[in-house]
Amino acid sequence: PAGRGGGLGRGDGEMKVLVSDRLHEAGLALLRREAEVDYRPGLHGEEFRRALSGADALIIRSGTRVTAEDLAFARRLRVIGRAGVGVNNVDLEAATEAGVLVVNVPDANTISAAEHTLALMLALARNIPAADADLRRGGWDRRAFTGVELRGKILGIIGLGRIGGTVARLAASFGMKVLAHDPYVSSHPTAELVELDRLLKEADFVTVHCPLNAQTRGLLGRREVALMKRGSYLINVARGGIVDEAALAESLRAGHLAGVAADVFSTEPPPPDHPLLRAPRTVLTPHLGASTEEALRRNAVVVAEQVLAVL
């Protein structure tokens, strides 16, 4: 039955959707046609729990963490919509026990994250951030920023899902040879599937595209970083915690790795004493993999449609 203003009825008024992270206006407009929207990005702590107690649905991005303690306050909650791919910021076991459905948007970020991976790879290969900073300081030292080409290099991709597969196709267009490691994939048209140790030993560039879970946390530790080819580069646009960031910093200072690019960190934002912030030859961005106008719009619209369908 219709609630107030033709919205989705509960019998005592409109369904209420709490949105606790920033969401594109296209998604908010879709929600507001069908439900009451409590839009408060940045909400946390007791204020978040009070708002959650009156919500039928919750929409989040990566900024909100939903714990079992939070869900204990959410007596009306029926669905959590994650406007993005990963759901590691939601206690899925507690949500399941509470009868709360968790939905996400697995495809919306694919192109943006894959393109950001290539952007970071090119920035490392051509020393773009360092050269830009030097030029602004009055420098003009072309020899100091001599880079390398991608063509003919070996790219190692860890995780060959939607994003990793797209990176493989883009890299092939640059003339790179692609090795990949993924225990759930048996073949790929543009990548040779290999064991992780071989990938690390042979690749000139290594890029990470697997989810963060119990199996992948710490997947690339000190041993794995030491296996990487001397003078190689590592790019992480997946999740912090998959790679040992201290080991990366040590390898950079020792001159073993030629460069590291990270869009994600084990703690976000990274604290001032984070090892990569003080390491040489790094390109660091603040979790921008999904931050394009197109991806933000797709995420918002699709998650809004999913949440409304559940309600």
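At the start of H10, which backbone nitrogen does a side-chain oxygen of aspartate 244 reach? In this predicted model, that oxygen comes to within 3.1 Å of the backbone nitrogen of alanine 246.

Helix H10 covers residues 245-253, and its buried residues are Glu245, Ala247, Leu248, Ala249, Ser251 and Leu252. The cover over these buried residues of H10 includes helix H9 (222-227), strand S10 (233-236), strand S11 (259-262) and S12. After H10 comes glycine 255, with a positive phi near 80°.

S12 (282-284) also takes part in the second largest pocket, giving two or more residues to its lining, as do helix H5 (110-125) and helix H6 (128-136). The volume of this pocket is about 200 Å³. Its lining consists of Ala123, Leu124, Asn127, Pro129, Ala130, Phe145, Tyr233, Ala258, Gly259, Arg281, Thr282 and Val283. By class, eight of the lining residues are nonpolar, three are polar and one is charged.

Threonine 146 sits in the loop between H6 and strand S6 (154-158). Threonine 146 counts as exposed because its relative accessible area is 58%, and the cut-off for exposed is over 50%. Arginine 126 is 20 residues away from threonine 146 along the chain, yet their C-alpha atoms are separated by 6.9 Å. A polar atom of the threonine 146 side chain lies 3.0 Å from the backbone oxygen of arginine 143.

The atom-to-atom distances are set out below.

| Atom A | Atom B | Distance |
|---|---|---|
| aspartate 244, side-chain oxygen | alanine 246, backbone nitrogen | within 3.1 Å |
| threonine 146, side-chain polar atom | arginine 143, backbone oxygen | 3.0 Å |
| threonine 146, C-alpha | arginine 126, C-alpha | 6.9 Å |

Key:
Residues numbered from 1 in each chain as written. Predicted model: local features only at pLDDT ≥ 70, side-chain atom pairs only at ≥ 80, totals over all residues. Heavy atoms only, no water. 1 Å grid on protein atoms, 1.4 Å probe; cavity = no way out; pocket = protein on both sides within 12 Å on 5 of 7 lines; lining within 4 Å. Points joined across faces, edges and corners; volume = space filled by probe spheres on them. Helix = DSSP H or I, 4+ residues; strand = E, 2+ residues; numbered from the N terminus. Nonpolar A, V, L, I, M, F, W, Y, C, P; charged D, E, K, R; others polar. Buried < 20%, exposed > 50% of the residue type's maximum accessible area, 1.4 Å probe, protein only. Polar contact = N/O pair within 3.5 Å; in protein donor to acceptor, adjacent residues only side chain to side chain. Contact = heavy atoms within 4.5 Å.
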